[in-house]
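Biologist: I am new to this structure and would like a close look at its internal spaces. Which residues line them?

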Amino acid sequence: MNPIIKDNYFCDVESHIFNNKIYLYGSHDARNSDRYCPLDYICYSANLNDLSNWHYEGVIYRKDQDPLNHDNKHDLYAPDVVCGNDGKYYLYYGLSNIDMISIARSDKPNGPFEYYGTIRYPNNIDFKTLDIRPYHFDPSVINDNGKIILSLGFSVDANIPAMDINEHNDHGLFIVELEDDMQTMKTLPKLVIPGYKYGKNTSFEDHEFLEAASLRKYNDTYYLLYSSKHQHELCYATSKYFDHGYEYQGILISNASKTSDDDIYKNNYANNHGSLLQINDDYYIFYHRHTYAKQYSRQVCMEKIKMIDGHFITQEITSSSLYPLSQGCYDASIACELYDNNSGIYIDFFENGIDRALRCDDKITNITNTTIVYRYFQNIHELILDFDKTNCHLMIYQDDHLIFDKQVQNKTANISLLAVNKPFSITIIIEHADKITLNKIITK
């Protein structure tokens, strides 16, 4: 069920298999926060045969362990972990508003990690003297049969005063191979995906790179996942070479539930960051969603995604994640789509929230003229909605079939469902409500 982890605001997730176990690494937001990633790194793990049971591994690295953060004023941004050729585990990360990638090291994939150093350019080059260079942000690292490959970068069409983004470091996504010391670049980083103003007349036009690089290799092809300038979508590009030749392939998933230019935004949206995971012949994608109608309290979600002839099929977002929901009592906040007035809107980076219906802990609050979607259920015949108050017009669709259309005043609404033998979605449309709260959905 999504979010797959509810006890922490865990996001920007990189997924890896180490020692026949899945490990998730990511940023650590706070509940109803006013900034990204204020908390220390944590880790989750799961057995390969049970992706519904995630084990909390605890804090694996603290932000005060980095000497660059001697005043403890910088937060730990999106990380990644790789197993080096020496059998040790290396954590790559950036600190907020510091243009550098730091590294920590551990003997175990679940830590604890200890500070190891920072990325070094070849021949001790001062990277700030380079005309074109990456902004050191959102590192992704893989071990490709002994070759340690780092991807990184940031390119945004906005003025962020605390970040020194300029014409030298806003070009896009860069890739470089590291030496055996896991720190030193073998060459200068190579630009492989253009940023927001550099994609014209390329395959990336209108889906240029913003952030969230994540590299994988499947069947002798490199798959480079990234968040585009539209923020809500995770796109991907492929190449037969790790450091050149990438071409845009499409959208993997959108946390705005918008998978084509013609779709409306079906969530209030902001950034997205995730990764791909292969288990045998199956593929999974991790991404995050936003809560409290703001950018800073994100939760990790997961879906199974199809690959056909080397090409991934765009995956819709769900409430159920891998397995359809059946009889039970569910938090209202598991809705996969939530929007007001017929469309979601962008949650501005410079605003601390928007006045819209929002996921608040386990509830959906501030409901006025709101659409709420749950996807998917099976083997149920009745739906009960538990509100704090109502006095609104309520419409319920089961897939595309209107099954309820009434003015309601009670705190609970009981709806009989159609008998079907396949998974189905529930769409709830609420009109003319006075900022009501949906607490639970109960299925029988």
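Modeller: What follows describes the cavities and then the largest pocket. This is a predicted model, in which local features need pLDDT of at least 70 and side-chain atom pairs count only at pLDDT 80 or more, while totals for chains, interfaces and linings use all residues. Residues are numbered from 1 along each chain as its sequence is written, and side-chain values use heavy atoms, with hydrogens and water left out.

On a 1 Å grid over the protein atoms alone, a cavity is a set of points where a 1.4 Å probe fits but cannot get out, a pocket is an open set with protein on both sides within 12 Å along at least five of seven lines, and lining residues have an atom within 4 Å of a point. Points are joined across faces, edges and corners, and a volume is the space filled by probe spheres set on them.

Searching the whole structure gives four cavities of 30 Å³ or more. The largest cavity, of about 80 Å³, has a lining that includes N2, N255, Y287, R289, C301 and R359. That lining comprises six nonpolar, four polar and two charged residues (Ala, Val, Leu, Ile, Met, Phe, Trp, Tyr, Cys and Pro count as nonpolar, Asp, Glu, Lys and Arg as charged, and the others, Gly among them, as polar).

The second largest cavity has a volume of about 70 Å³; among its lining residues are N267, H290, Y292, L338 and R359. R359 thus appears in the lining of the largest cavity and in that of the second largest.

The largest pocket has a volume of about 730 Å³. It is lined by 41 residues, of which Y36, F154, I160, Q295 and F349 are the closest to its centre.
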